[in-house]
Each structure stands twice: as C-alpha cells, then as structure tokens.
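Welcome, and please open the model in your viewer with the sequence panel beside it. We will go from stop to stop, selecting a few residues each time.

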Amino acid sequence: MSYLIVNGPNLNRLGLREPETYGTWTLQDLEEGLRLYAIPLGMELKFYQSNSEGDLIDRIHHAPEEGIRGIVLNAGAYTHYSIALRDAISSVPVPVIEVHISNVHAREEFRHGSVLAAVCAGQISGFGPDSYRLALEAFRGMHHE
Ligand code: DQA
C-alpha cells in the first residue's frame, strides 16, 4: 500500500533552519529514515516537497489516481492560513494526517490555529521526526495493516 509524505515551505531547509526548533537532521535524513521504518510494515512511501502552494495542491489532487491510501502532510506555515490547501484536502477521498515537527501550540499564537485540521483525519504535533512515524502508525491502525 502506498502512502505519500508531503512537506511544504521551508522544510527543504531542515538541518540548516532553526536547529534548536527543528533539529539537525535534513529532509533527506527524514525521508530515508521513514522509508526504512515503513518497509517491515509493508508500506511503500512516496515523497514530495515544495515551497509553492499550487504545487502542493496539484500533488494532493493526483494522489487518488496513483492509488495513494493516505497522505502525511506537514504544510509548514500554510497550515495556519491556506484555505486553498484546505479545499484541496477536502477535494480528494484520500485521508490526510496533519503533522508538525515542533509543538505548534507551545509557540507563537499565530501558529496555534490550523485551517487544515478540521478536514484532516487528525493532527500530530511536537514529536520531531517521530511525528511522521506516528502518522504512519495511525494509518496502519486505520487500514488494519
Ligand atoms: C511546522 C510549524 C509551522 O508553524 C512552521 O511554519 C513550519 C514548520 C513544524 O513542522 O513544526 O514551517 O509545520
């Protein structure tokens, strides 16, 4: 079964970007760690990162025709204000889990709100790279794999 891991704006800067908040591991480290984690679970992962709202929307739109069973989405700052991304999530029958590396609720007030959470299956925030792994576990439970 295929799952798609989508990372939004500035997440290509992991490792360089505010390491005290986001860690010292890179996006490539994250993706490779997830890929290895998913193998024994029988989950095939696809990865996508973009800094552009429209490209993220297009990638979500294409998920159903590829047989993707679930999307793990870290939409970065778009989480807090992109109604367009929210509508993209609502437009596909594929469940989406919102994830964040940092605990957004313990940070600036403008990060506390998510316009995506209500149309997602759930939200996982604050566990570093484990936020993504926990989302895969949630999909496993959901799909009884
Ligand atoms: C983030 C939290 C967002 O508020 C921020 O804009 C990001 C990363 C996280 O993973 O903790 O870019 O989504």
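Which class does Asp130 fall into by its relative accessibility: buried, partly exposed or exposed? Select Asp130 and turn on its surface: its relative accessibility is 36%, so Asp130 counts as partly exposed. Keep in mind throughout that this is a predicted model.

**Stop 1: helix α5**

Stay with Asp130 and add Arg133 to the selection. Both residues belong to helix α5 (residues 130-143), where they sit 3 residues apart, about one turn of the helix. Their side chains form a salt bridge, with 2.4 Å from N to O. Arg133 has a relative accessible area of 25%, so Arg133 is partly exposed as well.

**Stop 2: other salt bridges**

Side chains of opposite charge can pair when their charged atoms come close. The count of salt bridges here comes to 8.

Select Glu66 and Lys46 next. A salt bridge joins these two side chains at 3.2 Å, N to O. The pair ties together distant parts of the chain: Glu66 is in the loop between α3 (53-62) and β3, while Lys46 is in strand β2 (residues 44-49), 20 residues apart. Colour the two by accessibility and you will find Glu66 partly exposed at 29%, and Lys46 partly exposed at 26%. Now add Arg59 to the view: Lys46, Arg59 and Glu66 are linked in a network of salt bridges.

For one more pair, pick Arg107 and Glu108. Their closest N and O atoms are 3.8 Å apart, and the two form a salt bridge. Glu108 has a relative accessibility of 35%, so Glu108 counts as partly exposed.

**Stop 3: strand β1 and its partners**

Hide the side chains, show the cartoon and select residues 2-7, which make up strand β1. How many of the residues of β1 are buried? The count is 6 of 6, so the strand is mostly covered, given that buried means under 20% relative accessible area. Bring the side chains back for this strand: Ser2, Leu4 and Val6 point one way, and Tyr3, Ile5 and Asn7 point the other way.

Then look to the strands that pair with β1. Strand β2 runs parallel to β1, with 6 bridges between them; Ser2 has Glu44 as its bridge partner in β2. Strand β3 is also parallel to β1 and is joined to it by 6 bridges. Here Ser2 stands opposite Ile68.

**Stop 4: strand β4**

Move on to residues 96-100, strand β4. Why is this strand described as largely enclosed by the rest of the structure? Because 5 of its 5 residues are buried. From β4, Val96, Glu98 and His100 point one way, with Ile97 and Val99 pointing the other way.

Add strand β3 (residues 68-74), which pairs with β4 in the parallel sense over 3 bridges. Leu73 is the residue opposite Glu98. If you also show helix α4 (residues 83-91), you will see that β3, α4 and β4 make a right-handed β-α-β unit.

Strand β5 (residues 122-125) is the next selection: β5 runs parallel to β4, and 4 bridges join the two. Ile97 stands opposite Gly122 in β5.

**Stop 5: two backbone angles**

Most residues other than glycine have a negative phi, and most peptide bonds are trans. With that in mind, select Asn10 and Glu18. Asn10 has a positive phi near 75 degrees, and Glu18 has a positive phi near 30 degrees. Asn10 lies in the loop between β1 and α1 (19-22), and Glu18 is placed in the loop between β1 and α1 too. Asn10 is partly exposed at 40% relative accessible area; Glu18 is partly exposed at 36%.

**Stop 6: the largest pocket**

Rolling a probe the size of a water molecule over the atoms shows where empty space is left. What is the volume of the largest pocket? The volume is about 150 Å³. Of the 15 residues lining this pocket, select the ones closest to its centre: Arg17, Tyr22, Gly76, Ala77 and Arg111. Colouring the whole lining by residue type gives 6 nonpolar, 6 polar and 3 charged.

**Last stop: Ser114**

Finish in the loop between β4 and β5 by selecting Ser114. With a relative accessibility of 24%, Ser114 counts as partly exposed. Draw a distance from its C-alpha to that of Ser102: the two residues are 12 apart in sequence and 14 Å apart in space.

Note on methods: Residues numbered from 1 in each chain as written. Predicted model: local features only at pLDDT ≥ 70, side-chain atom pairs only at ≥ 80, totals over all residues. Heavy atoms only, no water. 1 Å grid on protein atoms, 1.4 Å probe; cavity = no way out; pocket = protein on both sides within 12 Å on 5 of 7 lines; lining within 4 Å. Points joined across faces, edges and corners; volume = space filled by probe spheres on them. Nonpolar A, V, L, I, M, F, W, Y, C, P; charged D, E, K, R; others polar. Buried < 20%, exposed > 50% of the residue type's maximum accessible area, 1.4 Å probe, protein only. Pairing = 2+ DSSP bridges. Right-handed = clockwise from strand over helix to strand, strands pointing away. Salt bridge = Lys/Arg side-chain N within 4 Å of Asp/Glu carboxyl O.
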